[in-house]
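Please open the structure in your viewer and keep the selection tool ready. This tour suggests what to select at each stop and says what is there.

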Amino acid sequence: MLGLLTPPKCTRYVRIFSRLFKGTRIYRCLSERCQSDEFIRRFISENTEIVGEQSLTPELQLRLFTPKCRFWRERPELWPFADPYWAIYWPGGQALSRYLLDNPGLCRGRTVLDLGSGCGASAIAAKLCGAAHVVANDIDTVAAVATHMNSELNGLEAPVCLSNNMIGSQPEAFDLILLGDMFYDEALATSLHSWLDHYIITNGTKVLIGDPGRAQFEEHSIRRRLRQQAQFELPESVREENYGLTSSSVWCYHPET
């Protein structure tokens with residue numbers, strides 16, 4: 001996910017990641033070999049599992065981190081990259097992708113930015129809905145490779161993948177911006193709030209946010225600018241992976257005037 005300051009809360013996978021990867025950044029592989037797409041593709045292929053049915057979007061296939069994967073139990077110092085948040089299908093992203101697939105007219109013929117794209121599910125959903133141009137943006141370069149691989153799994157040409165931090169910048173004008181599970185940190189939420197207000201007023205962009213109701217989201221002032229569009233009950237397996245979260249919602253952002 002883009003701009004990771006702290007891991008999203010209330011998720012079993014995150015607790016496992018914290019245990020596995022805490023304090024191991026000195027072991028990250030910085031060699032040219034470990035940064036090559038070929039190496040990353042092979043690593044992802046060998047250390048993730050193709051998952052489809054047990055989510056809000058069973059029609060999508062994604063390479064994800066599961067208990068069957070080697071690094072669920074492997075020594076953390078052997079993990080060569082940054083924390084693998086791209087290897088989880090977060091509940092906010094699931095709701096956002098489901099909402100797009102149920103309402104393809106939101107994307108059809110439009111330009112779409114998936115900000116903090118992670119595994120690329122929402123970008124893939126936008127392409128399946130007929131978006132004219134899709135950009136997946138995540139500061140983790142491994143997420144871009146994962147998005148390419150997940151696009152291929154779903155028979156699609158990959159979206160444009162960018163790894164610069166777009167928050168606070170003035171990128172091209174998009175018709176639609178998607179943010180799944182981005183409001184897990186107060187500082188990040190505040191920077192997004194300010195940027196989105198400016199960007200929407202300048203470009204007239206529609207913004208959709210997916211979030212399962214984390215405290216950092218519900219208690220932030222940004223909630224006053226949101227209108228709920230849909231709510232989805234999470235599948236049992238997703239509930240088990242996300243302690244205390246039973247549903248996930250999609251919100252439309254309205255700027256301050």
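**A stop at S122**

Begin by selecting S122, which, leaving aside residues up to four places away in sequence, touches G93, L96, S97, L100, D114 and L178. This model is a predicted one, and the residue you have just selected, S122, is found in helix α5. Is S122 buried or exposed? With a relative accessible area of 6%, S122 is buried, because anything under 20% counts as buried. Now show the side chains of S122 and S97, which are joined by a polar contact of 3.1 Å.

**Two helices side by side**

Next, select α4 (91–102) together with α5 (121–128), and turn the view until you can look along both. Their axes come within 9 Å and cross at roughly 0°, and because angles under 35 degrees count as roughly parallel, α4 and α5 are roughly parallel to each other. If you colour the residues that make this contact, you will have G93, L96, S97, L100 and L101 on α4, and A121, S122, A125, A126 and L128 on α5.

From there, move to P104, which is found in the loop between α4 and β3 (111–115). P104 counts as partly exposed, because its relative accessibility is 26%, a value between the cut-offs of 20% and 50%. Add C129 to the selection: P104 and C129 are 25 residues apart in sequence, yet their C-alpha atoms are 4.7 Å apart in space.

**Along helix α6**

Now select residues 141–153, the 13 residues of helix α6, which at 1.5 Å a residue should span 18 Å; the end C-alpha atoms are 19 Å apart, which agrees. At the start of α6, look for D140, where a side-chain oxygen reaches to within 3.0 Å of the backbone nitrogen of V142. Within the helix, V142, A143, V145, A146, T147, M149, N150 and S151 are buried, and what do the buried residues of α6 pack against? They pack against α3 (37–47), β2 (62–64), α5, β4 (133–137) and β5 (160–162). Just after α6, select G155, which takes a positive phi of about 70°.

**Where to read with care**

Finally, colour the chain by pLDDT, which averages 86, with 86% of the residues scoring at least 70. Over residues 1–10 the pLDDT is below 50, although this stretch has 45 contacts in the model beyond near neighbours in sequence. Residues 16–27 also have a pLDDT below 50, with 24 contacts counted in that way. Where pLDDT is low, the predicted coordinates should not be read in detail.

Terms used
Residues are numbered from 1 along each chain as its sequence is written. This is a predicted model: local features need pLDDT of at least 70, side-chain atom pairs count only at pLDDT 80 or more; totals for chains, interfaces and linings use all residues. Side-chain values use heavy atoms; hydrogens and water are left out. Helices (H or I, at least four residues) and strands (E, at least two) are DSSP runs, numbered from the N terminus. The expected span of a helix is 1.5 Å times one less than its number of residues. Contact means heavy atoms within 4.5 Å. A polar contact is a pair of N or O atoms within 3.5 Å; within protein, one must be able to donate a hydrogen and the other to accept it, and residues adjacent in sequence count only if both atoms are side-chain atoms. Buried means under 20% relative accessible area, exposed over 50%, partly exposed in between (1.4 Å probe, protein chains only). pLDDT is the predictor's confidence in each residue, from 0 to 100. Axes are lines fitted to C-alpha atoms, for helices over the stretch in contact, and angles run from 0 to 180 degrees between N-to-C directions. Angles under 35 degrees count as roughly parallel, over 145 as roughly antiparallel, 65 to 115 as roughly perpendicular and the rest as oblique.
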